[in-house]
Amino acid sequence: MVRVLIPSGALGLNYDKVALERGLEAKPDIIAIDGGSTDSGPAYLGRGVSKYSRTSTKVEWQGLMEARAKAGIPLVIGTAGTCGTDSAVDWLLKITKVIADDLGQSLKIAVLRSSQPNERILKAYADGKVHPLSHAPEISEDIIASCSNIVALAGAEQISAAIETGADIIIAGRTTDTATIAALPLMRGLNAGAAWHGAKIGECGALCATNPQSGVILIDFDKEGFTVTPMADGSHATPHTVSAHMLYENSDPFILHEPGGYLDVTKAEYTAQGDSKVRVIGSKWVPSDKYTVKLEGAFLAGYQSVLIALLRDRRYVENAEIWVSDIREKFTEKAIDRLDLRKEDFSIEIRLIGKNASFGGLETNITTPVEIGVMGIVTATTSELATELGQLLNPYLLHHPLTIEEEQPTFAFPFSPADLNRGEIFGFCLNHVLELSDPMDAFSLEVIQHG
Amino acid sequence: MAKLGEIVQKVRSKNAGPFWLTIDIFCGDVEAFEQTRNGLSTDRVSAVFATDINHIKRFEIPSLNVIKFSFPRPEIQGSIHDRDIHGASWAALLSDVQLN
């Protein structure tokens, strides 16, 4: 049997300390936590930075490093620093060393890197080793070359290689959400279907149970199945909460693709054990012929300025769409004329918050609100142009009248300056897999002795 | 007939990666599950989200009283015209649909 302690769905989301302590008393074999995802958008991958604050990360990571030292078991984090680029891995490595020095810990650290040089992916693309997944965007050599960061998602093979070094702490770059949990049960030859299924159930910590914010859960893996036990007071796992987690952020609730194959839970059976544990058997792992890892890439999509104005005057609130459409037209004309631009050099979008900013033209529930937030978004090819266009939009959002006869109106700007330059903005451009002859081909492993 | 959001326990939408959106309808009981299964066609979902019906995956899961739809995101997550990075607000649009 392998017992995996999962403190929470992500480092930075906090965990219940009492529950963690309880988990340690159960003598786990490894502590596994996820450090990121693509869910917060392309900017983190584009920039190669963490979404969570350094302070939160350090406090929570220190708690886990202390727990590891106390239990004498490995601690593994996947997708370090939200995006799992080499820069994000180095960021967490640095924090780890500072904490180790503060605590007087001497550590063997294994670092698994997942960043892909653009040249490697260009070559693989030319060799026909980059394959699109369902509804992948079109790619080209130019698009691959323009990515500021590309990462490959490590699976259980790469995490296992890191665990095999005998490291105290494993800091991994981009990894599938499940691989850090599935690796040890797979290394010990336990049921592969159960290893991946249990890992999927556990990857968000206590989200598979009641009281999801408590974070901490324990999963026992064996030769037939796995058992989930939430650690916090008042947190219960039921067959319903556990099986329902397969729905979460998963386009197919029965199939999960991983490097080297896929998990099929169509025949899984979920049984309650007492009032808070759930036992699962019948999950199936189907190995694939080719070994592939998923790629993620972010490219520089332009530069953006954002302005927010508030409409409170009843007549303007009622006629906001006409007002906006007039502004859009006049602004576009002026931008083309004064800045000598072509239409494709920039874009403007004005969203009406309180009216239909969530769904635009798809909104079905149209009412007249008390006020409307007007969010003007201009996107351009350079930062200077984004600023210039934001400033050009400013007088319209401040003073544009519905009719030319009326006295010049003035609307509310909540800030000064009114235009916020968001700097570089990024876009996701890869939904592809990379075919590898050896799982370690696109990854590198380094072992560091610290202290 | 009632709106979907009035008869089911919860409608949840989330990203399934940057390129897909997935909507889970937790019906709560068999009655609401049957009412939703019969009253919410894939055609209707395709119209609500202005998405090609051939790209919509529909799952009916009686053991959980859940109906799930997955389809390519209306805009790629975080792209210039995306309105909701986490994809969670889209549930509200489906909640407002009148069941047949």
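In chain B, four strands (strands being DSSP runs of E of at least two residues, numbered from the N terminus) form an open sheet in the order 1-2-4-3, with antiparallel pairing, where two strands count as paired if DSSP finds at least two bridges between them. Strand 1 (10-15) and strand 3 (57-61) of chain B stand at the edges with a single partner strand each, so one side of each is left without a neighbour in the sheet. Neighbouring strands of this sheet are turned by 15 degrees against each other on average, direction ignored, the axes being lines fitted to C-alpha atoms. Strand 3 of chain B is joined by five bridges to strand 4 (residues 66-72) of chain B, to which it runs antiparallel; within strand 4 of chain B, B:Ser70 is the bridge partner of B:Lys57.

The model is predicted, with local features requiring pLDDT of at least 70 and side-chain atom pairs counting only at pLDDT 80 or more, whereas totals for chains, interfaces and linings use all residues. Residues are numbered from 1 along each chain as its sequence is written, and chains are lettered from A and ligands numbered from 1 in the order in which they are written.

Between the chains, 33 residues of chain B are in contact with 31 residues of chain A, contact meaning that the C-beta atoms, placed from the backbone, lie within 7 Å. Strand 1, strand 2 (20-26), strand 3 and strand 4 of chain B each supply at least two residues of the side that touches chain A, and the largest share, four residues, comes from strand 4 of chain B.

Note on methods:
Axes fitted to C-alpha atoms, helices over the stretch in contact; angles between N-to-C directions. Contact = placed C-beta atoms within 7 Å.
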